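Please open the structure in your viewer and keep the selection tool at hand. The tour proceeds stop by stop, naming what to select and then what is found there.

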Amino acid sequence: MIQIDALPAFSDNYIWLLQDTAKRHCAVVDPGDAGPVERWLAANPGWALSDILITHHHNDHVGGVARLKQLTGARVCGPANEQIPCRDLALDEGAEVEVLGVVFQVLAVPGHTLGHIAFFSDQPATPLLFSGDTLFAAGCGRMFEGTPEQMQPALARLAALPAHTQVYCAHEYTLANLRFARAVEPDNRHVQQRFDEVTRLRADQRITLPTTIGLERLTNPFLRTSETLVKQKADEWKGHSNATHVAVFAALRSWKDTF
């Protein structure tokens, strides 16, 4: 079993630290800043950084890669269709990569960026998903490069993963996302309950992640485009009927962009 901890970076990023405590090897996901990883390694002598996993090319996810590669020689694994610094292993849909003894499947999830990938493993007792900026807790990433026709199916694909999958996304956006989710579904008791819980966590400066696929299905409006009330809210926002899941998603995303 691997242990997973969050290394906070910038104002709201998380660098995920995977640890094999038996071998004292570790890996990181999306190190936008080398500093938090360097400090952890300095505070934990005898540990070796073996792998760096990258979901997409934005600087707050790759800014620390070159420095960590120079310091540790760690293998850099990232999307084949994006420019990733120091990349050793180019990954695309259907590929597999073994990290700390765990085999991860590579899922192409375009939308936030065109080459964005996610890492999923069902090997541990609890499945793991590193979703980058595609799926957030109670939300999803902005479409900086892709289209709704790309991103909605990508999110639906992630939503179809096992309900108990632990989801490790890259930002602490949960409370803001739940404010939007309450606007979309004001009568959704699961959303309200989660909002109250997350409000308490953030008041104590505590992390709200990981989430689970099951919880996202209940509370994330971007995964709930088939719900009648969600569609009605999307129709109200756009001022016309949105006939497809993609159209409902696009309406929700445009609403969230200005929320």
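A disulfide is counted here when two cysteine sulfur atoms lie within 2.5 Å of each other. The model on screen is a predicted one.

**First stop: the cysteines**

Select Cys-26 and Cys-77, and display their sulfur atoms. Why is there no bond for Cys-26? The closest cysteine sulfur to that of Cys-26 belongs to Cys-77 and is 14 Å away, which is too far for a bond. Cys-26 also counts as buried, because its relative accessibility is 1%.

Next, select Cys-169 together with Cys-140. The sulfur of Cys-140 is the nearest cysteine sulfur to Cys-169, at 11 Å, and Cys-169 takes part in no disulfide. With a relative accessibility of 1%, Cys-169 counts as buried. By the cut-off stated above, the number of disulfides comes to zero.

**Second stop: the hairpin**

Select residues 3–9, which are strand E1, and residues 13–20, which are strand E2. These two strands run antiparallel and are joined by seven bridges. To view one pairing, pick Gln-3, whose bridge partner in E2 is Gln-19. Together E1 and E2 make a hairpin, with three residues between them. In the turn, select Phe-10, which has a positive phi of about 55 degrees.

**Third stop: the annotated span**

Select residues 12–171. An unreviewed UniProt entry lists this range as "domain: Metallo-beta-lactamase". The C-alpha atoms at the two ends of the span are 5 Å apart. Helix makes up 21% of the span and strand 35%.

**Fourth stop: a six-stranded sheet**

Now colour the strands E7, E8, E9, E10, E13 and E14, which follow one another in that order in an open sheet with mixed pairing. Which strands stand at the edges? They are E7 (96–99) and E14 (211–212); each has a single partner strand, so one side of each is left without a neighbour in the sheet.

Remain at E7 and add strand E8, residues 102–108. E7 and E8 run antiparallel, with four bridges between them. Within this pair, Glu-98 stands opposite Val-103 in E8. While the strands are displayed, recall that side chains in a regular strand alternate between the two faces of the sheet.

**Fifth stop: the largest cavity**

Rolling a probe the size of a water molecule over the atoms shows where empty space is left. The structure holds one cavity of 30 Å³ or more. The largest cavity contains about 30 Å³ of space. Select its lining: Tyr-14, Trp-16, Val-29, Asp-30, Phe-130, Ser-131, Gly-132, Tyr-168, Cys-169 and Ala-170. The elements that contribute two or more residues to this lining are E2, strand E10 (128–132) and strand E13 (166–169). E10 provides the largest share, three residues. By class, the cavity lining has seven nonpolar, two polar and one charged residues.

**Final stop: the largest pocket**

What is the volume of the largest pocket? The value is about 220 Å³. The pocket is lined by 16 residues; select Phe-136, Cys-140, Arg-142, Tyr-173 and Arg-253, the ones closest to its centre. Then select helix H9, residues 245–257, which gives the most to the lining of this pocket, with three residues. By class, five residues of the pocket lining are nonpolar, five are polar and six are charged.

Terms used
Residues numbered from 1 in each chain as written. Predicted model: local features only at pLDDT ≥ 70, side-chain atom pairs only at ≥ 80, totals over all residues. Heavy atoms only, no water. Pairing = 2+ DSSP bridges. UniProt positions renumbered as here; feature names shortened; annotations may be inferred. Buried < 20%, exposed > 50% of the residue type's maximum accessible area, 1.4 Å probe, protein only. 1 Å grid on protein atoms, 1.4 Å probe; cavity = no way out; pocket = protein on both sides within 12 Å on 5 of 7 lines; lining within 4 Å. Points joined across faces, edges and corners; volume = space filled by probe spheres on them. Nonpolar A, V, L, I, M, F, W, Y, C, P; charged D, E, K, R; others polar.
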